[in-house]
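Trainee: I've got a fold loaded up here and I'd like to talk through how its parts hold on to each other. Mind if I fire some questions at you?

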Amino acid sequence: MSNDEFRGALARLAAGVVLITAQEPPLDENGRGEDVGMTATAFMSVSLDPPLVMVSLRNDSRMDDLLSEQPLWAVSVLAESQRHVAGRFAMKGRISDRLLFEDIPYVRGEVTAAPLIGGALATLECRTEQRVPAGDHTLVIGRVLSADLPSAEGAPLTYFRGRYRQLG
């Protein structure tokens, strides 16, 4: 089986779209670390008791490197109206994360200090419980420390056959 065949088959699996965020530790005691964000579709619930979720991160990506050191991170479940947010944080060869967050409304998580995107259908704050190597990715399992429904109305943003889609 070729990579293209495998990728093509899995492109037929619709997935929800989330933004994973975290804050880098400050470089010195007077500063604040840079906010980092990454669009993900490989995200899922793992357990209700205890509350666990999982995200798959490409090895050696900026988020993988950060979450190997920073145990606190957050998830914003994106609404269909937030396609531009998903696209912005999914760009290859993108500009600095600081500029990516510049005109996107967000609040800081009380537990993680990570950005929680305004207008998201749901937000979660997590602490890494386990990292599992899996081929060219790492599965990061996080304990959910808080959950909120800032914008409970609206439909989710989904990803299917290589494009962002709307339900219905």
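What follows is a short back-and-forth about salt bridges, strands and aromatic rings.

Mentor: Before you start, this is a predicted model, so local features need pLDDT of at least 70 and side-chain atom pairs count only at pLDDT 80 or more, while totals for chains, interfaces and linings use all residues. Residues are numbered from 1 along each chain as its sequence is written, and side-chain values use heavy atoms, with hydrogens and water left out.

Trainee: Okay, how many salt bridges does the structure hold?

Mentor: The term covers a side-chain nitrogen of Lys or Arg within 4 Å of a carboxyl oxygen of Asp or Glu. Some of these contacts join up: Glu-24, Glu-34 and Arg-62 are linked in a network. Counted over the structure, the number of salt bridges is 8.

Trainee: Asp-35 and Arg-108 form one of them. How many residues apart in sequence are the parts that this pair ties together?

Mentor: The closest N and O atoms of Asp-35 and Arg-108 are 2.7 Å apart. Helices (H or I, at least four residues) and strands (E, at least two) are DSSP runs, numbered from the N terminus. Asp-35 lies in strand E3 (residues 35-40) and Arg-108 in strand E7 (residues 106-108), so the pair ties together parts whose separation in sequence is 73 residues.

Trainee: Which of the labels buried, partly exposed or exposed fits Asp-35?

Mentor: Buried means under 20% relative accessible area, exposed over 50%, and partly exposed in between, using a 1.4 Å probe and protein chains only. Its partner Arg-108 has 26%, so that one is partly exposed. Asp-35 has a relative accessible area of 9%, so the label is buried.

Trainee: And Asp-103, which pairs with Arg-88: is Asp-103 buried or exposed?

Mentor: In this salt bridge the closest N and O atoms are 2.6 Å apart. Asp-103 lies in the loop between helix H4 (97-100) and E7, and Arg-88 in helix H3 (residues 83-90), so the pair ties together parts that are 15 residues apart in sequence. Arg-88 counts as partly exposed at 22%. Asp-103 has a relative accessible area of 55%, which makes it exposed.

Trainee: What is the N to O distance for Arg-143 and Glu-129?

Mentor: Arg-143 sits in strand E10 (residues 137-148) and Glu-129 in strand E9 (residues 122-134), 14 residues apart. Arg-143 is partly exposed at 26%, and Glu-129 is partly exposed at 38%. Their side chains meet in a salt bridge with an N to O distance of 3.3 Å.

Trainee: Now the strands. How many residues of strand E2 are buried?

Mentor: Both faces of E2 are covered. Val-18, Ile-20 and Ala-22 are buried on one side, as are Leu-19, Thr-21 and Gln-23 on the other. Strand E2 (residues 18-23) is largely enclosed by the rest of the structure, because the number of its residues that are buried is 6 of the 6.

Trainee: Which residue of E6 stands opposite Thr-21?

Mentor: Two strands pair if DSSP finds at least two bridges between them. E2 is joined to E3 by 6 antiparallel bridges, with Ala-22 opposite Val-36. E2 also runs antiparallel to strand E6 (residues 72-77), with 4 bridges. The E6 residue opposite Thr-21 is Ala-74.

Trainee: There's an open sheet in the order E1-E11-E12. Which strands are its edge strands?

Mentor: The pairing in this sheet of 3 strands is antiparallel. Strand E11 (residues 157-160) and E12 pair over 4 bridges, and Phe-160 has Arg-163 in E12 as its bridge partner. Each edge strand pairs on one side only, and these are strand E1 (15-16) and strand E12 (163-166).

Trainee: Last one: which geometry do Phe-101 and Tyr-106 adopt as an aromatic pair?

Mentor: Rings of Phe, Tyr and Trp (its six-membered ring) pair if their centres lie within 6.5 Å; planes under 30 degrees apart count as stacked, over 60 as edge-to-face and the rest as tilted. The structure holds 3 aromatic pairs, and Phe-89, Phe-101 and Tyr-106 form one cluster. Phe-101 is buried at 3%, whereas Tyr-106 is partly exposed at 30%. With 5.7 Å centre to centre and 70 degrees between the planes, the Phe-101 and Tyr-106 pair is edge-to-face.
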